[in-house]
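User: I am new to this structure and would like to understand the terms used for it. Please show it before we begin.
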Amino acid sequence: MKRQVHIALTINSEPVEVSFAPYKTLLEVLREDLNLCGTKHGCELGECGACAVLLDDLPVLSCLILAVECEGRRVTTIEGLVTDARLHPLQEAFADLGAAQCGYCTPGFLVTAKALLDEHSHPTRAQIREALAGNLCRCTGYQQIFEAVEAAIQSGAQRAEVEPDTRSARQEEA
């Protein structure tokens, strides 16, 4: 009989309990046991960034994290960036500006960029380059990726200017 471990964690803001073999990485559990296949299986050496997810809001390479280490923690995958059936501004910008070509590296870039924007709302190009340095892409040459992150920053700033007015209108109606 194969030995299994059982853990509880939060994935994409939802409480989850899962059983799996104790040697499995977070990447394997996400893809094989939870059917969250947006996180990509790349090099298995922590060199490409295709498997990046957020662990307690920080980008990590899920191929290097044993899933048993995630007991009680928060994991955000590419599937968790969608809110109320709306794409995250980063996802919209990547699509609009051709930053996602073959798409294999895109989930890793998106979650890593989200972590950057959560920490620095208006990063410089140098900060964007540094934050994304661990993610490899063979298609775009990175220029469109950097431009998409910058466009998402602008889009987010424009949304923030509109949303406070919407909230105060809703509060007055209530």
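Analyst: A residue counts as buried when its relative accessible area is under 20%. Please note that this is a predicted model.

User: Why is lysine 24 called buried?

Analyst: Lysine 24 has a relative accessibility of 12%. The cut-off is under 20%, so lysine 24 counts as buried. Lysine 24 lies in the loop between strand 2 (14-20) and helix 1 (26-33).

User: What makes the link between the side chains of lysine 24 and aspartate 33 a polar contact?

Analyst: The two side chains are joined at 2.9 Å, and the limit for such a pair of N or O atoms is within 3.5 Å. Aspartate 33 is also among the residues in contact with lysine 24 beyond four places in sequence, a list including Val29 and Leu66.

User: How do you know that strand 1 and strand 2 pair?

Analyst: Pairing requires at least two bridges, and seven bridges join strand 1 (residues 5-11) to strand 2. The two strands run antiparallel. One of the partnerships is that of isoleucine 7 with valine 18 in strand 2.

User: Why is the aromatic pair of tyrosine 142 and phenylalanine 146 called stacked?

Analyst: The count comes to two aromatic pairs. In the pair of tyrosine 142 and phenylalanine 146, the centres are 6.3 Å apart and the planes differ by 25°. Centres within 6.5 Å make a pair, and planes under 30 degrees apart make it stacked. Ring pairs link both residues with Phe109 into a cluster.

User: Are these two residues, tyrosine 142 and phenylalanine 146, buried or partly exposed?

Analyst: Tyrosine 142, at 25%, is partly exposed, because this class lies between 20% and 50%. Phenylalanine 146, at 7%, counts as buried.

Conventions. Residues are numbered from 1 along each chain as its sequence is written. This is a predicted model: local features need pLDDT of at least 70, side-chain atom pairs count only at pLDDT 80 or more; totals for chains, interfaces and linings use all residues. Side-chain values use heavy atoms; hydrogens and water are left out. Helices (H or I, at least four residues) and strands (E, at least two) are DSSP runs, numbered from the N terminus. Buried means under 20% relative accessible area, exposed over 50%, partly exposed in between (1.4 Å probe, protein chains only). A polar contact is a pair of N or O atoms within 3.5 Å; within protein, one must be able to donate a hydrogen and the other to accept it, and residues adjacent in sequence count only if both atoms are side-chain atoms. Contact means heavy atoms within 4.5 Å. Rings of Phe, Tyr and Trp (its six-membered ring) pair if their centres lie within 6.5 Å; planes under 30 degrees apart count as stacked, over 60 as edge-to-face and the rest as tilted.
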